[in-house]
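Visitor: Could you take me through one part of this model up close, and show me how that part sits in the chain as a whole? I would like to know which residues are buried there and what covers them.

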Amino acid sequence: MKNNRIILLRPATLDDVEPLTALSYRTIRVKYPDVIGAIMVEGYIASGAVPQYYTDRNAFTRVAVADGEVIGACALRGNTVDLMMVTIDRHRSGVGSALLSEAETMLFADHEVISLESFRDNRQAIDFYTKHGWVMQESFTDPDYGIAMVRMTKQRND
């Protein structure tokens, strides 16, 4: 695991689309086959949805950078953490916690309750969010893909 002494969190730019896409592909291919299946993972990657997402949501995305390398991202939508992604070799290193903390600060500036969705079978993610004070609200099935999901929320503490 790399040392994260200096992590810069900054707004995403269009120059980040390519490195964020590469980071996402690496992470998705390692973490998600056991959660959603290898065929769905490769279909998702082949669809072009990842670079399109980072292009479309660029203005609402924060990136984590260490030693000039993009190592994570967090995108917001309304009162929601829409995406959290950290490169595999930086999992459990504080990068995700830094991104989530910044996202919470930004969202709580305008909202009393914030939310996120995660794959139900992604225990690492659910445990991460629970550790940071998020509460499970409901389980549901994604209507487009049939994947078991959970919705989690967090209340602002004034």
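Guide: Of the contacts in the chain with a separation of 6 or more, 63% are between residues 24 or more positions apart. Please keep in mind that this is a predicted model.

Helix H4, residues 49-56, is a good place to look closely. Its buried residues are Val50, Tyr53 and Tyr54. These three span an arc of only 95° around the axis, so they lie on the same side of H4. And what covers them? The cover includes two helices, H1 (17-31) and H3 (38-46), along with two strands, E3 (69-77) and E4 (80-86).

Stepping back from H4, you will find six helices and seven strands in the chain. Followed along the sequence, their pattern is β-α-α-α-α-β-β-β-α-β-α-β-β.

As for overall dimensions, a compact globule of 158 residues would have a radius of gyration near 15 Å, and the chain agrees because its own value is 15 Å. Along the principal axes, the C-alpha atoms occupy a box of roughly 35 × 35 × 30 Å.

Val50, Tyr53 and Tyr54 of H4 are buried, and across the chain buried residues account for 45% of the 158. On the outside, the accessible surface is about 8600 Å², with 52% of that belonging to carbon and sulfur atoms. Finally, the charges: there are 17 positive and 21 negative side chains, and 5 Å separates the centres of the two sets.

Conventions:
Residues are numbered from 1 along each chain as its sequence is written. This is a predicted model: local features need pLDDT of at least 70, side-chain atom pairs count only at pLDDT 80 or more; totals for chains, interfaces and linings use all residues. Side-chain values use heavy atoms; hydrogens and water are left out. Buried means under 20% relative accessible area, exposed over 50%, partly exposed in between (1.4 Å probe, protein chains only). Helices (H or I, at least four residues) and strands (E, at least two) are DSSP runs, numbered from the N terminus. The arc is that of the directions from the helix axis to the C-beta atoms. Contact means heavy atoms within 4.5 Å. The radius of gyration is taken over C-alpha atoms; the globule rule is 2.2 Å times the number of residues to the power 0.38. Accessible areas come from the Shrake-Rupley method with a 1.4 Å probe; for residues, only the protein chains shown count as cover. Lys and Arg count as positive and Asp and Glu as negative; His and the chain ends are not counted. The place of a charge is taken as NZ of Lys, CZ of Arg, CG of Asp or CD of Glu.
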